[in-house]
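Here is a quick tour of a protein chain, written for someone who would rather look at side chains than read tables. Have the viewer open as you go.

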Amino acid sequence: LEYYHKAVEVDPNYDNALFELGYIYNERGEAQKAIQYYTKAANLNPKKDVLNNLGLAYSKLEDYPNAEKWYKKSLDLDPNYAIALNGLGLVKWKQKQHNDAEYWYKRAIKADSGYYLAYYNLGILYEAQKNQEEAKTYYKKAISLNPKYANAMINLGILYETKEKNFQEAENWYKKAVDADPRSHL
């Protein structure tokens, strides 16, 4: 953190340092500070990553109109940027616009068939819509793409435990989650 602050002191137009400061503050849960640095970086060099991360920071503040605006600006630069497409899906999910969320998640998958988070998010969406079979399919696809993704394993375990009362299968997925990420707080 100190390194990037010093870099910006030396050169206030150092867009990479501004981006990194935005990233650090966003990861620390300080979205307002992140937005300040991302905005400065975007004004200097409006790259798709910077614009996408502005969307993410606004999303964390539950400012969905601004989040959507910045995700779309990122997509103006790269219409197949799966991370921004997925971000739009999350914004729509949070606004309970499930059909729109599904649309954006599927666009993310079409743009990058290896982007496991879009599959995972579709699993969550389908589970919320009481479509357990589709949810399981998408959770399992996320796991096939990222065999260490414990969150999808945990969600499968919960689904098997609470919806299907298949405790053996639930335990199987919980054990896989622990093996995949023993430090997971979930």
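## Two lysines with positive phi

K96 is out in the open: its relative accessible area is 67%, over the 50% cut-off, so it counts as exposed. You'll find K96 in the loop between α6 and α7. Keep in mind that this is a predicted model. The backbone is what draws attention here, since phi of K96 is near 65°, a positive value in a residue other than glycine. For background, most residues other than glycine have a negative phi.

K165 tells a similar story. This lysine isn't a glycine either, yet its phi is positive, at about 55°. K165 belongs to the loop between α10 and α11, and with 53% relative accessibility it counts as exposed.

## A buried lysine and its salt bridges

Now for K92, which is part of helix α6 (residues 82-94). Is K92 buried or exposed? Its relative accessible area is 9%, which is under 20%, so K92 is buried. Leaving out residues up to four places away in sequence, K92 touches E68, Q97, D100, A101 and W104.

One of those contacts, E68, brings in some charge pairing: E68, K72 and K92 are linked in a network of salt bridges. Between E68 and K72, the closest N and O atoms are 2.9 Å apart. These two sit four residues apart in helix α5 (residues 64-77), so about one helical turn separates them. E68 is buried, with a relative accessible area of 17%, whereas K72 is partly exposed at 36%.

## Other charged side chains

The structure holds eight salt bridges. Among them is the one joining K106 and E102, at 3.4 Å from N to O. Both residues lie in helix α7, four residues apart, or about one turn of the helix. K106 is partly exposed, with a relative accessible area of 40%. As a rule, an α-helix has 3.6 residues a turn, so residues three or four places apart point the same way.

E30 and K33 make another salt bridge, this one at 3.8 Å from N to O. Both partners are partly exposed: E30 has a relative accessible area of 29%, and K33 comes in at 36%. Lysines also turn up over aromatic rings. The charged end of K73 sits over the ring of W70, 5.0 Å from its centre, and the charged end of K141 does likewise over the ring of Y119, at 5.8 Å.

## Aromatic pairs

There are eight aromatic pairs in the structure. Take Y116 and Y149: their ring centres are 4.9 Å apart and their planes meet at 65°, so the pair is edge-to-face. Y116 lies in helix α8 (residues 116-128) and Y149 in the loop between α9 (132-145) and α10 (150-163), so this pair ties together parts that are 33 residues apart in sequence. Y116 counts as partly exposed at 23% relative accessibility, while Y149 is buried at 13%.

Y126 and Y138 pair up too, but in a tilted way, with 5.5 Å from centre to centre and 45° between the planes. This pair links distant parts of the chain, with Y126 in helix α8, Y138 in helix α9 and their positions 12 residues apart. Y126 and Y138 are both buried. Elsewhere, Y116, Y120, Y139 and Y149 form one aromatic cluster.

## Helix α9 and the nonpolar core

How far apart are the end C-alpha atoms of α9? They are 20 Å apart, which agrees with the 20 Å that its 14 residues should span at 1.5 Å a residue. The buried residues of α9 are Q132, A135, K136, Y138, Y139, A142 and I143. They pack against α7 (98-111), α8, α10 and α11 (167-180).

One of those α9 residues, Y139, shows up again in the largest nonpolar core. That core has 56 residues, and those with the most contacts inside it are L54, L75, L122, Y139 and A152. L75 touches Y81, A84, L85, L88 and W104, again not counting residues up to four places away in sequence. In soluble globular proteins generally, nonpolar side chains tend to be buried together.

Notes. Residues numbered from 1 in each chain as written. Predicted model: local features only at pLDDT ≥ 70, side-chain atom pairs only at ≥ 80, totals over all residues. Heavy atoms only, no water. Buried < 20%, exposed > 50% of the residue type's maximum accessible area, 1.4 Å probe, protein only. Contact = heavy atoms within 4.5 Å. Core = buried A, V, L, I, M, F, W, Y, C linked by side-chain atoms within 4.5 Å. Phe/Tyr/Trp six-rings, centres within 6.5 Å; stacked < 30°, edge-to-face > 60°. Lys NZ or Arg CZ within 6 Å of the ring centre and 35° of its normal. Expected span 1.5 Å × (residues − 1). Salt bridge = Lys/Arg side-chain N within 4 Å of Asp/Glu carboxyl O.
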